[in-house]
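Take the two chains together and look first for enclosed empty space, then for the surface where the chains meet.

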Amino acid sequence: MLLRILARSLARRRSRKLLAVLTIWVGMTLVVALITLSLDVRDKINRELSAFGANIRVEPSAGAVPVRVGGYELAPRIGQIYLNEGQMEKLETLFWRNNILGVFLRLWVQVRVDGRDVPLLGIGAPHGSAAAGSVSFTPDSLKGYGHWHVKGAWPQADDECLVGVDAARELGLTPGEWVRLTLAGRTRSLRVRGIVVTGEREDGALIASLSTVQDFAGLPQKISEADVSTLTTPENKLAEKYRLDPTSLTPAEYERWSCTPYPGSVAAAIQEAIGGSAARVVRRVSETQGAVLIRMEGLMTILGGLTAVVCCLSVIGVLTSAVLERRSEVALLQAIGAHRRDVLLLFSCESAALGLLGGALAAVSGPVLGQGLVNAVFGGEAGSLGVLAILSPLLGLIVAWVACLWPVSQVLHQSTAQVLHGN
Amino acid sequence: MGQAAIRLENVSRVYPGGIRALDGVSLHIEQGEWVAVMGPSGSGKTTLLNLLDGLDKPTAGRVLVLGTDLGRLDPDEAATFRREKIGLIFQGFHFVPYLTALENVMLAQYYHSIVDKKQACAILERLGMADRTHHLPSQLSGGEQQRVCIARALVNEPQVVLADEPTGNLDERNEAEVMNIFRDLHLEGKTILMVTHNHDIGRRSGSQVLLNHGRIVRQRFTA
Ligand SMILES: Nc1ncnc2c1ncn2[C@@H]1O[C@H](COP(=O)(O)OP(=O)(O)O)[C@@H](O)[C@H]1O
Ligand SMILES: [Mg+2]
């Protein structure tokens with residue numbers, strides 16, 4: 001009988017019910033879209049931020065020992081110990097391999113130009129990742145240097161190079177000129193394509209493709225460091241505790257630390273995977289990323305929360321008027337012997353059904369809107385989340401059910417006699 | 001002498017605002033009696049009925065129906081009492097608008113015990129509504145609605161039937177038919193309390209109670 005009452009009630013008096021479903025649908029669509037967006041925001045922002053440089057640097061272990069003089073960290077001595085390009089394949093075996101956005105190989109050597117010692121940097125991507133094999137500058141190999149400011153053009157060919165802004169001043173080089181390098185009796189000419197400002201060590205160097213530098217220096221397959229761009233979680237208290245004193249972590253804390261992609265734990269895993277290497281976190285990059293991410297996520301959480309609240313309020317509004325409209329029906333049910341819980345059950349089921357329907361519709365439209373938002377803000381695909389297909393109807397059901405509790409309890413407190421016999 | 005069907009002991013009902021709708025009313029109705037409650041508008045007839053069906057509570061005095069003190073029941077206990085013992089016929093009918101005539105009758109069965117469609121159909125048939133069972137209340141005439149309302153009140157075989165102006169909205173032909181139904185119920189031995197301000201109707205009952213300003217001014221036996 002209850003089912004029959006429900007079916008009849010839902011089938012007749014459609015406009016009120018449609019309004020309720022519509023409200024839940026729109027509200028839940030927004031909530032689901034924001035959930036989709038916020039789940040994606042970390043990944044997408046992280047990718048955007050990777051243009052500001054890699055957050056982990058891998059070096060030969062001896063090279064990583066910082067040499068500090070009066071507070072300045074001196075560059076490790078160039079050209080002594082190297083890693084092998086091939087060792088980078090180990091990154092593919094890493095537990096965090098899916099968090100790795102890019103690997104940028106670098107080889108530093110010292111050359112002579114016009115009788116002066118000038119550092120020469122070769123940059124490139126691992127062979128495996130460049131579709132075109134070991135050709136000079138691939139888009140892959142430059143991706144990690146989005147934060148470099150180049151006057152002129154990026155090099156395209158193996159005989160072209162960039163010149164750091166300080167080196168260009170010292171050597172009097174401008175784009176289009178040729179520069180002659182000497183190393184151990186060999187010479188080679190490169191054409192300057194652009195002047196680069198990096199704000200770092202590269203400002204005093206010449207920059208060419210990795211294969212060019214390896215050839216010229218007679219160091220095939222060798223690199224002096226690799227920058228690894230990774231998707232990481234902003235550091236929290238636990239990560240900080242590890243950073244200050246790794247031995248202070250309890251075994252449980254250590255377990256949690258190593259299973260979370262903090263910059264520190266990913267670096268530790270990389271160092272372990274690549275023999276003879278030392279991986280360290282580039283704090284300048286990782287801390288900026290962390291700060292931006294935390295703010296973005298905070299913003300998304302606030303937006304999502306507000307949307308959910310507004311959705312609940314409007315559902316309460318619609319259901320309240322729908323329930324109050326039926327005061328005399330409730331009074332009648334009580335007069336013919338319905339208990340308060342019978343009335344509550346009837347209205348709960350009805351609202352739940354409406355909420356379920358609205359939520360189910362939102363499970364379809366929410367991800368579409370979420371995809372649209374992700375596309376508009378970041379471009380590209382949003383990760384689809386299967387759970388939302390269940391979560392959204394469930395959430396709609398709960399919202400609608402909670403929203404009907406208040407008006408129903410109000411109506412149950414009414415004077416039945418007065419409503420029925422009121423004249 | 002059996003247990004009284006209805007007993008009011010010095011009952012008063014004062015509404016907020018100080019209106020004394022009932023003022024020290026005492027009344028004794030035996031089982032199987034058919035009583036008409038009469039009186040001018042505003043004399044407290046509906047208030048009296050609401051006290052007897054447990055939808056309202058007295059401010060003073062005791063209301064006993066079939067031995068149960070209704071003033072002591074909470075809303076759910078009162079609902080249980082109503083569905084077990086009382087058939088209610090409303091002045092304004094009152095139906096669940098989206099249920100058919102038959103479903104409205106079955107609803108009373110549902111809250112009483114179990115739904116028995118055959119029995120629900122039978123009672124509608126007895127009241128001459130066999131061909132209207134699948135109509136919505138809004139599709140029925142006043143007389144037809146009143147009969148569905150009576151069918152709903154009777155479907156659970158109540159011992160006491162309370163009716164508020166059951167013929168108030170009906171034309172003469174329907175009025176006569178409804179009165180015949182009440183006569184049959186009386187012959188079946190049900191206790192009936194019927195509010196009316198039509199003296200002709202009142203005279204057909206076994207006894208009459210006359211209310212004025214919340215007090216019983218006269219009690220008269222017809223037969
Ligand atoms: N809920 C109420 N609140 C205040 N006064 C009421 C209420 N119901 C009825 N009254 C008053 O109580 C008196 C008796 O009303 P009622 O029992 O409805 O009379 P009748 O049914 O005989 O016309 C009237 O004066 C009416 O105005
Ligand atoms: Mg009245």
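The second largest cavity in this predicted model has a volume of about 110 Å³. Its lining draws on both chains: Ala335(A) and Ile336(A) are part of it, together with Arg82(B), Arg83(B), Ile86(B), Gly87(B), Leu88(B), Ala108(B), Arg152(B), Ala153(B), Asn156(B) and Pro158(B). In chain B, at least two lining residues come from each of α2 (75-85), β6 (86-89) and α5 (142-154). Strand β6(B) contributes the most, with three residues. By class, the lining of this second largest cavity holds seven nonpolar, two polar and three charged residues.

How many cavities of 30 Å³ or more does the count give? The count comes to five. Empty space of this kind is revealed by rolling a probe the size of a water molecule over the atoms.

The largest cavity has a volume of about 130 Å³. Its lining is made up of 13 residues, and those nearest the centre are Lys17(A), Ala322(A), Arg326(A), Glu350(A) and Leu354(A). Three helices of chain A, α2 (14-49), α9 (283-324) and α11 (340-377), are the elements that give two or more residues to this lining. Helix α11(A) has the largest share, four residues. Nonpolar and charged residues number six each in the lining of the largest cavity, and one residue is polar.

The other topic is the contact between the chains. Here 28 residues of chain A are in contact with 31 residues of chain B. Between them the two chains bury about 2700 Å², and 62% of that area is on carbon and sulfur atoms. On the chain A side, the residues that lose the most area to chain B are Met1(A), Ile336(A) and His421(A), which together account for 24% of what that side buries. Ile336(A) has already appeared, in the lining of the second largest cavity.

Which residue of chain B forms a salt bridge with Arg4(A)? The partner is Glu103(B), with the closest N and O atoms 3.1 Å apart. The count of salt bridges between chain A and chain B is three. Polar contacts across the interface involve eleven residue pairs, with both residues at pLDDT 80 or more. On the side of chain A that touches chain B, α1 (2-11), α10 (327-335), α11 and α13 (416-421) each supply at least two residues. That side of chain A has twelve nonpolar, seven polar and nine charged residues.

Methods. Residues are numbered from 1 along each chain as its sequence is written. Chains are lettered from A and ligands numbered from 1 in the order in which they are written. This is a predicted model: local features need pLDDT of at least 70, side-chain atom pairs count only at pLDDT 80 or more; totals for chains, interfaces and linings use all residues. Side-chain values use heavy atoms; hydrogens and water are left out. On a 1 Å grid over the protein atoms alone, a cavity is a set of points where a 1.4 Å probe fits but cannot get out, and a pocket is an open set with protein on both sides within 12 Å along at least five of seven lines; lining residues have an atom within 4 Å of a point. Grid points are joined across faces, edges and corners, and a volume is the space filled by probe spheres set on the points. Ala, Val, Leu, Ile, Met, Phe, Trp, Tyr, Cys and Pro count as nonpolar, Asp, Glu, Lys and Arg as charged, and the others, Gly among them, as polar. Contact means heavy atoms within 4.5 Å. Buried area is the accessible area (1.4 Å probe) that two parts lose on being put together, summed over both. A salt bridge is a side-chain nitrogen of Lys or Arg within 4 Å of a carboxyl oxygen of Asp or Glu. A polar contact is a pair of N or O atoms within 3.5 Å; within protein, one must be able to donate a hydrogen and the other to accept it, and residues adjacent in sequence count only if both atoms are side-chain atoms.
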